[in-house]
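Please find below a colleague's note, set out as numbered points to be read alongside the sequence and the structure.

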Amino acid sequence: MAAEPQLKFYNTLTREKVDFQPIDRNNVRMYVCGPTVYDFAHIGNARPAIVFDVLFRLLRYTYGDSHVTYVRNITDLDDKINARALRDHPGLPLNAAIRLVTEKTERQYRQDTTALGCLEPSVQPRATDNIAQMIAIIETLIAKGHAYRAAGEVLFDTKSMADYGQLSKRNLDEQQAGARVAVDEHKKSPGDFVLWKLSDENEPGWESPWGRGRPGWHIECSAMSGRYLGDVFDIHGGGLDLIFPHHENEIAQSRCAHGTHAMANVWMHNGFVQVEGRKMSKSEGNFVTIYELLETDKLGGRTWPGEVLRLAMLMTHYREPIDFSVKRLEEAEKLLTRWYRMLFEVGPVEPSKPSQAFVQTLANDLDTVGAINELYRMFTSDQAGMLELGASELGWDFYKPENSAEALASARFLGLLMLAPSEWLQGSTELNAEDIEDQIHKRQEWLRVKNFVEADKIRNMLSSQGIQLKDGKDAATGERITSWEIKR
């Protein structure tokens with residue numbers, strides 16, 4: 001039996017990479033902040049979906065599929081959602097209109113993440129299905145002196161928590177009111193944040209001890225993580241932009257309500273995504289949704305397979321920023337196509353188990369770059385590694401077929417090479433390498449007797465199957481030689 005990999009993760013809370021020790025090996029628990037579903041998810045939303053899907057796979061491999069719980073929430077409460085609901089469904093009660101808007105965008109998000117090769121999380125709760133849990137936490141915070149009512153709102157009292165700011169390393173006393181901290185006269189301190197606010201008739205609302213209203217943003221995740229994972233769990237993930245104020249405030253609410261030393265023991269954050277060297281924004285004209293990449297010509301004048309988008313993301317370490325470009329997509333596609341060609345040549349392959357070197361590399365703070373290099377070495381005899389060479393310089397002449405089963409298993413560990421090679425390369429190709437070589441031999445026989453009609457029939461037949469022939473001469477003998485490749 002293969003040795004269990006020692007997992008090491010960089011913990012944003014401590015700013016160091018540490019050995020991962022789950023609270024309960026039979027119930028490893030992870031929470032990741034999901035999308036706010038006011039519109040289709042953009043390419044920046046794709047990164048945490050892919051990154052934490054790989055982590056989910058690694059945890060399942062290490063502790064067993066049935067011993068890992070992965071919760072990724074759906075935020076269906078937001079001012080942008082309200083505006084869209086009022087615009088699209090003016091005749092409906094607002095709560096019902098919001099449900100229609102968010103069900104459509106949530107459904108598209110799930111379709112998008114499936115196309116990106118992501119497994120379904122164990123639980124995908126919606127914020128609006130957890131209002132009672134939010135109200136209960138707020139009541140507890142008020143009772144313990146960590147929250148107060150003012151001007152129709154319930155606010156968290158940041159001064160009531162002695163070590164507030166540990167995640168972001170922000171000293172509360174040094175914080176100045178500014179861009180990220182709202183200044184309101186009814187707050188005891190500028191950093192105090194909303195737990196509950198009253199709603200008018202044009203805003204969604206639920207009955208509460210403080211009147212008809214709706215929750216603040218941060219309390220949603222405290223309620224959903226607590227409901228499905230408990231007061232303290234193993235890993236909390238999300239984008240780098242969520243460290244402050246969202247994750248900082250989640251920690252404050254949860255710890256103060258439950259009286260615990262932590263909310264999650266390990267905090268992991270993925271880096272930013274920019275597009276073609278610029279921050280993604282609608283004003284820049286480079287705002288791209290996952291759906292647009294999969295179904296339209298928004299980037300590069302063509303559609304891109306989900307597997308290409310996935311590999312393009314994994315070719316950079318999760319904590320580093322990504323420049324998402326057409327060049328990067330082309331490199332990812334070229335590499336995938338080479339791997340699929342190799343598998344096509346060797347014939348049907350059943351995956352075995354992933355390479356231990358591959359798994360242990362991935363176990364080192366989710367090092368997908370190193371894992372992809374290990375995968376490249378399994379496919380070829382070149383020890384330089386894929387990213388050292390650059391994808392545009394890759395060859396595949398040194399394919400080692402004895403590694404096929406292990407290489408395929410390792411690739412699928414990353415959610416790659418999930419298709420039959422013929423499906424990726426052409427869609428209709430059913431010939432194996434032996435069949436193709438046999439047809440090439442027959443064609444050469446026809447060419448020797450100058451029966452070009454029959455020779456062309458074979459060329460055309462192979463072309464219809466997605467096989468492209470290339471004729472040349474042997475440098476030593478001068479004899480005709482024919483090579484082939486699968487068109488894509």
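The points that follow take up a sheet, a helix that lies across it, a set of annotated positions and a threonine.

1. The model is a predicted one, and the remarks in this note should be read with that in mind. It contains an open sheet of four strands, paired in parallel and arranged in the order β4-β3-β9-β10. Because β4 (68–72) and β10 (264–270) each have a single partner strand, they stand at the edges, and one side of each is left without a neighbour in the sheet. From one strand to the next, the twist averages 20°.

2. Within this sheet, strand β3 (residues 28–32) runs parallel to strand β9 (residues 233–239), and three bridges join the two. A reader who wishes to check the register may start from Met 30, whose bridge partner in β9 is Ile 235.

3. Helix α6, which spans residues 243–258, lies across β9 and β10, and its direction is at about 160° to that of β9. Both His 246 and Glu 250 are found in this helix, and they return in the points below.

4. The UniProt record, in an unreviewed entry, lists Cys 33, Cys 221, His 246 and Glu 250 under "binding site"; the label is reported here as it comes from that entry. Although these positions are spread over 218 residues of sequence, they cluster in space, with a largest C-alpha distance of 11.1 Å.

5. How buried or exposed is His 246? Its relative accessible area is 1%, which lies under the 20% cut-off, so His 246 is classed as buried. Leaving aside residues up to four places away in sequence, His 246 touches Cys 33, Trp 217, His 218 and Cys 221, and Cys 33 and Cys 221 are among the positions listed in the UniProt entry.

6. Glu 250 likewise counts as buried, because its relative accessibility of 0% falls under the 20% limit. With residues up to four places away in sequence again not counted, Glu 250 touches Cys 33, His 218, Cys 221, Ser 222, His 236 and Met 263. His 236 falls within the range of strand β9 (residues 233–239), the strand that helix α6 lies across together with β10.

7. A separate point concerns Thr 113, which is found in helix α3 (residues 94–115) and is buried, with a relative accessible area of 2%. The side chain of Thr 113 reaches the backbone oxygen of Arg 110 at 3.1 Å. Beyond residues up to four places away in sequence, Thr 113 touches Ala 49, Arg 72 and Cys 118, and Arg 72 belongs to the edge strand β4 (68–72).

Terms used
Residues numbered from 1 in each chain as written. Predicted model: local features only at pLDDT ≥ 70, side-chain atom pairs only at ≥ 80, totals over all residues. Heavy atoms only, no water. Pairing = 2+ DSSP bridges. Axes fitted to C-alpha atoms, helices over the stretch in contact; angles between N-to-C directions. Contact = heavy atoms within 4.5 Å. Buried < 20%, exposed > 50% of the residue type's maximum accessible area, 1.4 Å probe, protein only. Polar contact = N/O pair within 3.5 Å; in protein donor to acceptor, adjacent residues only side chain to side chain. UniProt positions renumbered as here; feature names shortened; annotations may be inferred.
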